[in-house]
Amino acid sequence: MPLTTLIVAILAAAPAQVPPSPPITVTGHAWAPFISPMGEPFRARSIADDTLANWFHQADRNHDGVLTMDEMQADADRFFAKLDSDHDGEIDPDELASYEWEIAPDIQAMSKTRNPPGVAAGRAPRDDDPEHPPRHGRWRPGAGEDAGTLLGMGGGLQGAARYGLLNMPEPVAAADTDFNRGISLIEFRQAAVTRFQLLDRGRTGALSLAQLQALRPPPPKPGKRPKLDEKADDTRVGNPLPQGN
C-alpha cells in the first residue's frame with residue numbers, strides 16, 4: 001500500500017477530536033432561604049422562585065391544594081431521614097451540628113439577615129444620619145447594631161424564625177422535648193403535629209398556600225430597629241419569648 005494511502009487510512013480510522021466542553025459557571029445568590037416548619041431550608045435558584053410554594057407543593061403529596069396534618073407528618077418523616085445520616089432512628093448531637101453548620105447555617109445566631117429574592121438589600125447610611133453614622137470599611141446591613149438586636153432581643157426575630165412561619169430559632173433542636181440531646185422520630189413527628197396546629201389558626205385541619213403566605217414575616221427594613229413594649233406578651237406565632245425585664 002502506498003504511504004499516502006496508508007496515512008489517509010490511519011487518519012480516517014482515528015476518532016474525531018471532541019471540542020472541549022465549556023466551563024461550568026456556578027452563580028451564588030445571597031438570598032434568604034425559606035425554612036420549613038420542620039427546619040428544612042429551601043433556596044431560590046432565580047429571582048422569581050417562590051421557595052415557600054416549593055416546600056408546600058412538595059409536602060402536599062396528593063396535590064389537592066391543601067396541606068393536612070398527615071402530610072405534614074410525612075414531610076417530617078422525609079426530612080428526618082435526611083438528618084439521621086447513620087440511620088439509627090435518632091438525630092444525635094453530631095447530626096444536629098451538621099444540620100446547623102452545613103444544611104442550614106442561615107439559622108445561626110449573629111448570622112447576617114438576608115432578604116428574599118426580589119427585595120433589594122439595604123443601602124449604606126447617609127453621612128448625615130445621626131442614628132446610624134457611617135463606619136470605616138465596607139458597610140453591611142446590621143453593622144453597628146448591638147448584640148441584643150442581632151440576637152433578636154428587643155423585638156427582632158432570630159435564627160430560623162427570620163425565614164420561616166414559626167417563631168422557632170432552631171426548629172430541629174426544638175423537637176427534643178425530653179432534653180436528652182437526641183431527637184427521635186416519634187418526637188419529630190409529634191413536633192410536626194404541634195406545629196401544624198400552630199399554623200392552623202382556623203382549626204380547619206387543612207392549610208392552603210395563601211394562608212401560609214399570609215403568615216410569612218416581612219423582610220427586615222435596614223436601619224430600622226424594631227420597637228417592643230417590654231411589658232407586652234410576645235404574640236408571634238410559635239414558642240413565646242419571655243417578657244423583658
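A salt bridge is a side-chain nitrogen of Lys or Arg within 4 Å of a carboxyl oxygen of Asp or Glu. The exercises below apply this definition to a predicted model.

**Exercise 1.** Determine what joins the side chains of Arg43 and Asp106, and where in the chain the two residues lie.

*Solution.*
Step 1. The N to O distance between the side chains of Arg43 and Asp106 is 2.8 Å. The cut-off is 4 Å, so the pair counts as a salt bridge.
Step 2. Arg43 belongs to the loop between β2 and α2 (51-59), whereas Asp106 belongs to the loop between α4 (93-103) and α5 (147-150). The two are 63 residues apart, and the pair links distant parts of the chain.
Step 3. Buried means under 20% relative accessible area. Asp106 has 10% and is therefore buried. Arg43, at 38%, counts as partly exposed.

**Exercise 2.** Identify which residues are linked with Arg78 in a network of salt bridges, and describe each link.

*Solution.*
Step 1. Within helix α3, Arg78 and Asp75 lie 3 residues apart, about one turn of the helix. Their side chains form a salt bridge with an N to O distance of 2.9 Å.
Step 2. Arg78 also meets the side chain of Glu40 in a salt bridge, at 2.5 Å from N to O. Here the partners are 38 residues apart: Glu40 is in the loop between β1 (34-35) and β2 (41-42), and Arg78 is in helix α3.
Step 3. Glu40, Asp75 and Arg78 thus make up a network of salt bridges.
Step 4. Relative accessibility is 6% for Glu40, which is buried, and 5% for Asp75, which is also buried. Arg78 is partly exposed at 32%.
Step 5. In total, the structure holds 4 salt bridges.

**Exercise 3.** Describe how helix α3 (residues 69-83) packs against helix α6 (residues 185-199).

*Solution.*
Step 1. Two packed helices are described by the angle between their axes and the distance between the axes. For α3 and α6 the angle is about 140 degrees and the axes are 9 Å apart. That makes α3 oblique to α6, because an angle counts as roughly antiparallel over 145 degrees and roughly perpendicular from 65 to 115.
Step 2. The crossing of α3 past α6 is right-handed.
Step 3. Among the contact residues are Met72, Phe79 and Phe80 of α3, and Phe188, Val193 and Phe196 of α6.
Step 4. Sorted by class, the contact of α3 with α6 has 12 nonpolar, 2 polar and 3 charged residues.

Key:
Residues numbered from 1 in each chain as written. Predicted model: local features only at pLDDT ≥ 70, side-chain atom pairs only at ≥ 80, totals over all residues. Heavy atoms only, no water. Axes fitted to C-alpha atoms, helices over the stretch in contact; angles between N-to-C directions. Helix = DSSP H or I, 4+ residues; strand = E, 2+ residues; numbered from the N terminus. Parallel < 35°, antiparallel > 145°, perpendicular 65-115°, else oblique. Left-handed = near helix turned anticlockwise from the far one by under 90°. Contact = heavy atoms within 4.5 Å. Nonpolar A, V, L, I, M, F, W, Y, C, P; charged D, E, K, R; others polar. Buried < 20%, exposed > 50% of the residue type's maximum accessible area, 1.4 Å probe, protein only.
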